[in-house]
2 protein chains.
Amino acid sequence: MKRLTKAERQENLKERLDEDPFLIDRELAELFNVSIQTIRLDRLELGIPEVRERIKSVARQASSKVKSVQSEEIIGELIDIQLNDGGISILESTEELVLEKSKIVRGHHIFAQANSLAVAIIDADAALTGSAEVRYNRPVYVGERLVAKAKVEKIKGNRFYVKVETKINGESVFKGEFIIFSVKDDLMNREG
Amino acid sequence: MKRLTKAERQENLKERLDEDPFLIDRELAELFNVSIQTIRLDRLELGIPEVRERIKSVARQASSKVKSVQSEEIIGELIDIQLNDGGISILESTEELVLEKSKIVRGHHIFAQANSLAVAIIDADAALTGSAEVRYNRPVYVGERLVAKAKVEKIKGNRFYVKVETKINGESVFKGEFIIFSVKDDLMNREG
DNA sequence: AATTAATTAGTAGCAGGTCTTAAAATGAGC
DNA sequence: GCTCATTTTAAGACCTGCTACTAATTAATT
């Protein structure tokens, strides 16, 4: 690799370490064909910690990350919401959501987006899904952008009837009708 | 902490480091009230690497783990299966599956278990969920063991009608009826 | 040529080890 | 008590991958 300017090198450095935080200064020095001191200066200027600290922070997140990925309360990104009325969420279909062979998004992820949206728009301490009726209109592939739109159709006591339709570029790929219950705190704190 | 025997200490050491791989020898020495040398001997005998290596291996798994958790093709553990007939899967409800406040398992996880089971029992190159009708009978709390039982009710061409019931200690908590489509490979390889 | 910016070199020191050799301490058996 | 094996400490040299600092060298720029 030919010599880059300082600015280029530092940009590149950031990316490299983002991809692979295990790289030590010596390896980076060889990579950019500069001295180790230069790399250390770069890290200093960029506020990038040493390799052992980088690894530590990756490891620290490791335990909690498994949690945070799975335990997102809402699947997808809430972009609009009117409590007890409606809402919209967007989910990018990434590799993680997909069947390895066919690259088709597993159905339960589409359900999860719709279900968590339906729950989210309920104005209550907590809401639980009581039942759902869903239909998948066509398979969803990696990279497609799932836009779920929820609408509260009817409210009867603590029962909320919510319709969700998920579209890709305006094409309907999923429809669901959910019955959501709002739950009082005292009910929830009972021992399971 | 009073002095333990060598064997006790070593057992204990393994557990400790399993819980918290970040512990350095000095901390362990204080913990067990022995010298650092003793801890090092213990690690040597037990084949436990030094703290930096332990952290590294945690970090190394981190990147791949995020993927593997989410992209499991089957949610829960398949413990019995008869293709095109029925199957059983078990899912332990851990903290990761749960709403933070209420400690109730989010509905889409229960759906995911049932749905992936329904798909798994279909004898085909690939199977996709066409529609589902589900009912949640009662909230599921952390620690409860979800046993999902699927039964193929009817087959019509490439349409499979599958009923899934999920129970905890024999008590029904979830029922679902799924229509699953088996898919031919050429259909799946079309560009999305 | 003079000045400034960027790079390289060199030294001391640190954390958390390894590996080796050797000396104590402890416990069990007689 | 004494003896012997096990267990525990201790001490020293060396290692990696740094930090922190000082100083020298090498481009660029004016």
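A residue is taken to be near a strand if one of its heavy atoms lies within 4 Å of that strand. In the predicted model, this criterion describes the surfaces that chains A and B present to DNA strands D and C.

For DNA strand D, 70% of the atoms within 4 Å of the protein belong to sugar or phosphate, and the rest belong to bases. The strand is surrounded by 15 residues, the closest being Asp25(A), Arg43(A), Arg3(B), Arg9(B) and Thr38(B). By class, the surface near DNA strand D comprises 4 nonpolar, 3 polar and 8 charged residues.

Several polar contacts link chain A to the backbone of DNA strand D. A polar backbone atom of Asp25(A) lies 2.8 Å from a phosphate oxygen of the strand. The side chain of Arg43(A) also approaches a phosphate oxygen of DNA strand D, with an N or O atom at 2.8 Å. For Arg40(A), a polar side-chain atom is placed 3.4 Å from a sugar or linking oxygen of the strand. In terms of secondary structure, two or more residues of the surface near DNA strand D come from each of helix 3 (36-46) and helix 4 (51-70) of chain A, and from each of helix 1 (6-19) and helix 3 (36-46) of chain B. Helix 3 of chain B makes the greatest contribution, with 3 residues.

DNA strand C is likewise surrounded by 15 residues, of which Arg3(A), Arg9(A), Ser35(A), Thr38(A) and Asp25(B) are the closest. Of the atoms of DNA strand C that come within 4 Å of the protein, 71% are contributed by sugar and phosphate. The surface near this strand is made up of 4 nonpolar, 3 polar and 8 charged residues.

Three arginine side chains of chain B make polar contacts with DNA strand C. An N or O atom in the side chain of Arg43(B) is 3.0 Å from a phosphate oxygen, and a polar side-chain atom of Arg40(B) is 3.3 Å from a sugar or linking oxygen. Arg52(B), by contrast, addresses a base: an N or O atom of the Arg52(B) side chain lies 2.9 Å from a base nitrogen of DNA strand C. At least two residues of the surface near DNA strand C are supplied by each of helix 1 (6-19) and helix 3 of chain A, and by each of helix 3 and helix 4 (51-70) of chain B. Helix 3 of chain A gives the most to this surface, with 3 residues.

How values were computed: Residues are numbered from 1 along each chain as its sequence is written. Chains are lettered from A and ligands numbered from 1 in the order in which they are written. This is a predicted model: local features need pLDDT of at least 70, side-chain atom pairs count only at pLDDT 80 or more; totals for chains, interfaces and linings use all residues. Side-chain values use heavy atoms; hydrogens and water are left out. A polar contact is a pair of N or O atoms within 3.5 Å; within protein, one must be able to donate a hydrogen and the other to accept it, and residues adjacent in sequence count only if both atoms are side-chain atoms. Helices (H or I, at least four residues) and strands (E, at least two) are DSSP runs, numbered from the N terminus. Ala, Val, Leu, Ile, Met, Phe, Trp, Tyr, Cys and Pro count as nonpolar, Asp, Glu, Lys and Arg as charged, and the others, Gly among them, as polar.
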